[in-house]
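Reader: I would like a close look at one part of this model, namely the sheet together with the helices that pack around it. Please take me through how the strands are arranged and how the helices meet the sheet and one another.

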Amino acid sequence: MSAMEARSMQDETFNPAEPVHVSVLPEECFDALMAGRDPASVEGWFVDGTTGAGGHSELLLQRCPKIQLLCVDQDPEALKIATERLKPYADRVRLRRSRHSELCRVIRKERIGRLSGVLFDLGVCSLHLDRATRGFSFAEDGPLDMRMDPSRERNAADIVNHWDESDLADLLYYEGDETHSRKIAKAIVEARRRAPFMRTSGLAELIARTLGGGGGKIHPATKTFQALRRAVNEEGDELGMALETAEHWLDDSGVLAVISFHSGEDRVVKRFFQNGRKEDRWELKSKKPISASHAETRSNRRARSARLRVARRTRHRGGVQ
Ligand SMILES: C[S@@+](CC[C@H](N)C(=O)[O-])C[C@H]1O[C@@H](n2cnc3c(N)ncnc32)[C@H](O)[C@@H]1O
């Protein structure tokens, strides 16, 4: 049974004719990773650190017949879909389940060595948001889960039901930019005394009641859900490890391209590159991040908040370890 068939059996809303995820900034990422090199003759190993449904990977493999690609993702379901999609290139691809914090070990274990290019297209993919059973959505009811890697021990319900009020408030403020963080944390702690939160709808409704309304452009639970997702998947720590790993393994002139969807994440990437540039480790391709065109944002809403930053490795701190 193919990954697509398996998915359609589990989820009645799944339509195999629709793409699982539409890749963001595909041409811009591709051009960035080529950095002026000729796709037909570029060689070496590339890493897609956020393979998802395999869209960016497929483009690279289609257009660059001489490269090899390590595709990693922490989500086994995403990897199944990507494996199916990338079958025509099986002799040049290795798909491995891994978190960014484990990527260094995977590269070493696979004996890949220096890299020509690395891509991180951060955050969740449509596969997560569109499937209520994964628990990322406030629009549709599902278990309060939000784990991209289902083997993680802690899910969103654990945080909502067990964290102190002040820790919850800090999380919503710092990871979700939620200015009503204290009010929401207080309401959560009061409500969970009656019954623990188990479903996304229960939490989303409480937040809508607490903040009043829901008629605005964004749902009142948007920021809380973002903060919880970031905490469950330890996205801040993971990003730090992703950037360090790319810096360590990229070859001279190798390119790192990072797409972020959250201002805090984009700030981290920007600072990482700026600090590296001061120490002559990175050469920045442009000061400003690349955003999606009007045409792309019209056809793919998710592209609206995408920011692509690109830099080129300038020299190494030591030999391959
Ligand atoms: C935005 S999607 C990537 C979509 C992909 N570029 C495409 O074109 O289909 C992000 C993917 O990265 C994965 N991911 C996010 N954080 C990760 C981490 N720390 N380690 C490994 N994979 C991660 C998610 O599971 C998700 O599948």
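Author: What follows begins with the confidence of the model, turns to the sheet, and ends with two helix pairs.

The model is a predicted one, and the protein chain averages a pLDDT of 91, with 91% of the residues scoring at least 70. Residues 1–17 call for caution, as pLDDT stays under 50 over that stretch, for which the model has 12 contacts beyond four places in sequence.

The sheet is open and has seven strands, which run in the order β3-β2-β1-β4-β5-β7-β6 with mixed pairing. Because β3 (93–97) and β6 (282–284) stand at the edges with a single partner strand each, one side of each is left without a neighbour in the sheet. From one strand to the next, the twist averages 20°. Within this order, strand β1 (residues 44–48) pairs with strand β4 (residues 115–121) in the parallel sense, over four bridges, and Phe46 stands opposite Gly117 in β4.

Two helices can be placed against this sheet. Helix α3 (residues 55–63) packs on the sheet and touches β1, β2 (67–73), β3 and β4, while its direction makes about 175° with that of β2. Helix α12 (residues 235–249) also packs on the sheet, where it touches β4 and β5 (250–260), and its direction makes about 160° with that of β5.

Helix α3 has a helical partner as well, since the axes of helix α2 (residues 26–34) and α3 come within 10 Å and cross at roughly 50°. The two helices, α2 and α3, are therefore oblique to each other, and their crossing is right-handed. On the α2 side the contact is made by Pro26, Cys29, Phe30 and Leu33, which meet Gly55, His56, Leu59, Leu60 and Arg63 in α3. Sorted by class, the residues of this contact between α2 and α3 are six nonpolar, two polar and one charged.

A second helix pair can be described in the same terms. Helix α9 (residues 181–194) packs with helix α10 (residues 200–211) at an angle of about 125°, their axes lying 10 Å apart, which makes α9 oblique to α10. In this pair α9 passes α10 in a right-handed crossing. Lys183, Ile184, Ala187, Ile188 and Ala191 in α9 meet Leu206, Ile207 and Thr210 in α10, and the residues of this contact divide into six nonpolar, one polar and one charged.

Note on methods
Residues are numbered from 1 along each chain as its sequence is written. This is a predicted model: local features need pLDDT of at least 70, side-chain atom pairs count only at pLDDT 80 or more; totals for chains, interfaces and linings use all residues. Axes are lines fitted to C-alpha atoms, for helices over the stretch in contact, and angles run from 0 to 180 degrees between N-to-C directions. Angles under 35 degrees count as roughly parallel, over 145 as roughly antiparallel, 65 to 115 as roughly perpendicular and the rest as oblique. A crossing is left-handed if the near helix is turned anticlockwise from the far one by less than a right angle, and right-handed if clockwise. Two residues are in contact if their C-beta atoms, placed from the backbone, lie within 7 Å. Ala, Val, Leu, Ile, Met, Phe, Trp, Tyr, Cys and Pro count as nonpolar, Asp, Glu, Lys and Arg as charged, and the others, Gly among them, as polar. Two strands pair if DSSP finds at least two bridges between them. pLDDT is the predictor's confidence in each residue, from 0 to 100.
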